[in-house]
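Reader: I should like to go through this model with you, one topic at a time. May I begin with a single side chain?

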Amino acid sequence: MAAPTLQQPSFLLANLRNDSTTKPLLHRCQDLVKIIDDYPAKELHVIFPWLVETVFGSLDGILGGWNLRLLQARSHEYNIALEFLSPSGPMMKLVYKLQAEEYKYEIPVNYLPGPVKACIQQGVLPECPLFHNKLQFPLSGLLTLNLALNPFEFFMFNFAYCLITPKPPPQQQGSSTDSAYFVLVDMYLKYFLPSEGSVPPSPFSDSRGSVTAPSPRSTSVSFSGYGVHSPSLLKHHIFQQPSVNADPAAQEIWRSETLLQMFVEVWLHHYSLEMYQKLQSPQVKEPFSPTEEHVLVVRLLVKNLHAFSNSLKPDQLTSSPPTHSHTHTHTSPLEEFKRVVVQRFVQQKLYLFLQHCFGHWPLDASFRAVLETWLSYIQPWRYTGEKINPQADQNRTVPEKWESFVQENLLMYTKLFQVLLNRAVRTDLVNAKNALMVFRVSKVFAQPNLADMIQKGEQLFLEPEHVLHHRQPRGYLTPNQGGSFLSSRQRVVTDMVFRVKSHVYALEGQDCQYKQMFGNELRGAVMKLIQIIAQARQTAKRISDHSNEVAASNSFLSWFGVGSSDLNNTFSGAEPEESGECLKKTHEFLDRALEHLCQIFKLNQGQLTQLISTLGSCQDEGNCKQLPDCIQGENGLMLTDLGRKQIISGQRRFDIQYQGDPELQPIRSYESALLVRLLYRVSSLINLRFGAHMDAVCSRPDFPGRLCRHFLSDGDSAPRLNQSPLSRRWSERPRRPRLSLRRLASFRTLMVLLLIYGLGAILSFSPVSSSIIILTGGFLYGLVLTLLQDKLKTH
């Protein structure tokens, strides 16, 4: 594309489209860099929407673009994409170049988050100012409404929306946190929400010397209001403001705010309070279900926001908002943005997002992503930039300065903890990954001073309503202005009460019924969780002991055929998480979780020990050998609700064994796959040829019949377990005696035979003689066992 003469926009777009199918990514990016540098904004304006769609894919998900979510570091295109799309790269330079000319690009309203789309379609102004004054009304009617976005907004919308479009199945395995998309999100957040310094200025300047921001910042904007979620830090909007030379601070805060609002709206704003209340009905279909990758990106956003907010200068942090008057205008817009960014822009939408995930996420280990996102949000002190010794961090007291954060996010701690309790009692805590999640939550809430802060926040919320009537205006009077120092403490407490109440009512509605985290009702739920944890500990110990017994019985002696040869012993249905090492971790995690729960809720250690010991003795006496609670149905046993809870909590389990054709069991790791298949064909031919004779001999009631039944596989003689309807129908088929040679495919059997032949060679026996001795010994062994069985039956 390095032609000496500039092409017309239509030809330029046609050539780029053609190159996108013929040239590799490196050459295409090199051409685009030259085009962005050489062409004026008028020509670049035509190719910009196509280029954005080429990179991020179409909004309907049909076109995958560069597949940034699948692009891993091992791909040669990884670094090319990162360099081209970096915050100071060629693509962003194109955005700034078009931004200076105030071009607009349309986005269909149908692709906006559900609550935003519903507001627009109902004629209501959306809460977020990002979508104000941008509606385009076509002649065809309201069904094809579009939003007109400036280049920066258009770029960021497509970038954010790329995360929630359906992703094709990956060609190669790779973590989503290592993808080019995840890395780009981190780069954009660190660039536009910097912990140190300010946002670098735009690399492009127009003839007027500055990129035009949507509006200059008014110095009279106040950030000290509580309970009032101001929709924006900007006083006006781009459609209400002519092009002016905005000061650098205004541009800095405009780009940062636009990026944050776009990420929050596209990634989090899929649920409103009214919508969430409707979702409690099982008949209502979920409007949006986030993926694990989506949640991991949200966690990255939370961590970067905390780091950004915590980088606030100490003098600005110590001056609390309640004592600010309108005369304090010396702070920079970026510093003011840091002070309110979490509460004003993220809190409400993240709360509903997490609440939905807590209630609808599958009961499996993938919930860890949601859990860690929540724990990251409620621990902002972990992202202060201070280097802390991991050993000291375990017992680190939460500093008092975070008390206001806990109060202003009370529901994030209390309500979500209650929802998690309801989830935990339905989770299989024998699984080490699930036990780890319970341990992680208990460890966080057991941090010294945190439970006291939460309890104090609840007490403030429960203050009588008349306390609010004494609240003074935000600009308090000093003694020189007629005020009194005697009421200063009352004003502070009153303002704290107002702050907590406004937070709860804003997130849950004015008619919410608040349940105390440290009340009697939740204490009962915690005791129930402790019982389930204790049951899971006993179950883990029982499974671990049984595994050790089986391993011991099949140890050295089993190589010589003395141990159990039942293939079913190796097909018990145990999950990989139930191995001996994982069960040890389960026990450790649950032990620590019990300790932490005692610390948080100040439970009596003696009563807890007695409860666990009583529960353990009851399980040892009865529950170990009992099946889950079932009823007899037409097709066999059916689980009751109590039985399901017993299985989920690890209290009781079915004895799972393979009940199909023993000859068709999966090939084991201790078997030769080649020999298993070969011997199966040989035995099948013999059974087909001599099956009738085997039936006749085995049906005899005398000693030869019993001896043949010993050597020939007879499934009807095996003990029957409680079976599923499908297994029962299969087992009801007639099963004929047959010859099975599968044991000869075992490496254990082969080694024993090799040792016998080796010993025979040392004693000068030929292979034929050794074979005769082996067959004779095997026959005599079966003869003796048959005689012993007859004697046992007579006794």
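Reader: Is F417 buried or exposed?

Author: F417 is buried, with a relative accessible area of 4%. Please bear in mind that this is a predicted model.

Reader: Which aromatic pair does F417 form with F601, and how are the planes set?

Author: The pair is tilted, with 6.0 Å from centre to centre and 40° between the planes. It links distant parts of the chain, since F417 belongs to helix α17 (residues 410-424) and F601 to helix α22 (residues 580-601), 184 residues apart.

Reader: And F601, buried or exposed?

Author: F601 counts as buried, at 4% relative accessibility. The cut-off for buried is under 20% relative accessible area, so the 4% of F601 falls within it.

Reader: How many aromatic pairs does the structure hold?

Author: The structure holds 35 aromatic pairs. One of them joins F358 and F367: the ring centres are 5.3 Å apart and the planes stand at 75°, so this pair is edge-to-face. Both F358 and F367 are buried.

Reader: Which charged end sits over the ring of F367?

Author: That of R423, at 3.7 Å from the centre of the F367 ring. A further case is K501, which lies over the face of F461 at 5.0 Å from the ring centre.

Reader: Which residues do ring pairs link into a cluster?

Author: The cluster consists of F56, Y96, F152, F155, F159, Y181, Y188, Y191, F192, W254, F263 and W267.

Reader: Let us turn to the core. Which residues of the largest nonpolar core touch the most other members?

Author: They are L68, W267, W374 and F445, in a core of 171 residues. Helix α13 (residues 333-360) supplies the largest share of this core, 13 residues. W267 thus appears here as well as in the aromatic cluster.

Reader: What is W374 in contact with, leaving aside its neighbours within four places in sequence?

Author: W374 is in contact with L354, F358, M412, Y413, L416, F417, L420, V441 and F445. Two residues from our earlier exchange are therefore on this list, F358 and F417.

Reader: Why would one look for nonpolar side chains together in the interior?

Author: In soluble globular proteins, nonpolar side chains tend to be buried together.

Reader: Moving to charges, what does the count of salt bridges come to?

Author: The count comes to 21 salt bridges. One of them joins E372 and R440, whose closest N and O atoms are 2.9 Å apart. This pair links distant parts of the chain: E372 lies in helix α14 (residues 368-377) and R440 in helix α18 (residues 432-445), 68 residues apart.

Reader: Are E372 and R440 buried or exposed?

Author: Both E372 and R440 are buried.

Reader: Which residue forms a salt bridge with R742?

Author: R742 is joined to E671, with the closest N and O atoms 2.9 Å apart. R742 lies in the loop between α27 (725-731) and α28 (747-762), and E671 in the loop between α24 (641-648) and α25 (673-698), so the salt bridge ties together parts that are 71 residues apart in sequence. R742 counts as buried at 6% relative accessibility, and E671 counts as buried at 7%.

Reader: Where does the salt bridge between D186 and K190 lie in the chain?

Author: D186 and K190 are both in helix α8 (residues 180-192), four residues apart, so about one helical turn separates them. Their closest N and O atoms are 2.7 Å apart. D186 is partly exposed, with a relative accessible area of 21%, and K190 is also partly exposed, with 48%.

Reader: Next, helix α11. How many of its residues are buried?

Author: Of the 19 residues in α11, 14 are buried, and the helix is mostly covered. Helix α11 (residues 292-310) reaches 27 Å from its first C-alpha to its last, close to the 27 Å expected at 1.5 Å a residue.

Reader: Finally, the whole chain. How many helices and strands are there?

Author: The protein chain has 29 helices and five strands. Of its 795 residues, 45% count as buried. Among contacts between residues at least 6 apart in sequence, 79% join residues at least 24 apart.

Terms used: Residues are numbered from 1 along each chain as its sequence is written. This is a predicted model: local features need pLDDT of at least 70, side-chain atom pairs count only at pLDDT 80 or more; totals for chains, interfaces and linings use all residues. Side-chain values use heavy atoms; hydrogens and water are left out. A nonpolar core is a set of buried Ala, Val, Leu, Ile, Met, Phe, Trp, Tyr and Cys residues joined through side-chain atoms within 4.5 Å. Buried means under 20% relative accessible area, exposed over 50%, partly exposed in between (1.4 Å probe, protein chains only). Helices (H or I, at least four residues) and strands (E, at least two) are DSSP runs, numbered from the N terminus. Contact means heavy atoms within 4.5 Å. Rings of Phe, Tyr and Trp (its six-membered ring) pair if their centres lie within 6.5 Å; planes under 30 degrees apart count as stacked, over 60 as edge-to-face and the rest as tilted. A charge sits over a ring if NZ of Lys or CZ of Arg is within 6 Å of the ring centre and within 35 degrees of the ring normal. A salt bridge is a side-chain nitrogen of Lys or Arg within 4 Å of a carboxyl oxygen of Asp or Glu. The expected span of a helix is 1.5 Å times one less than its number of residues.
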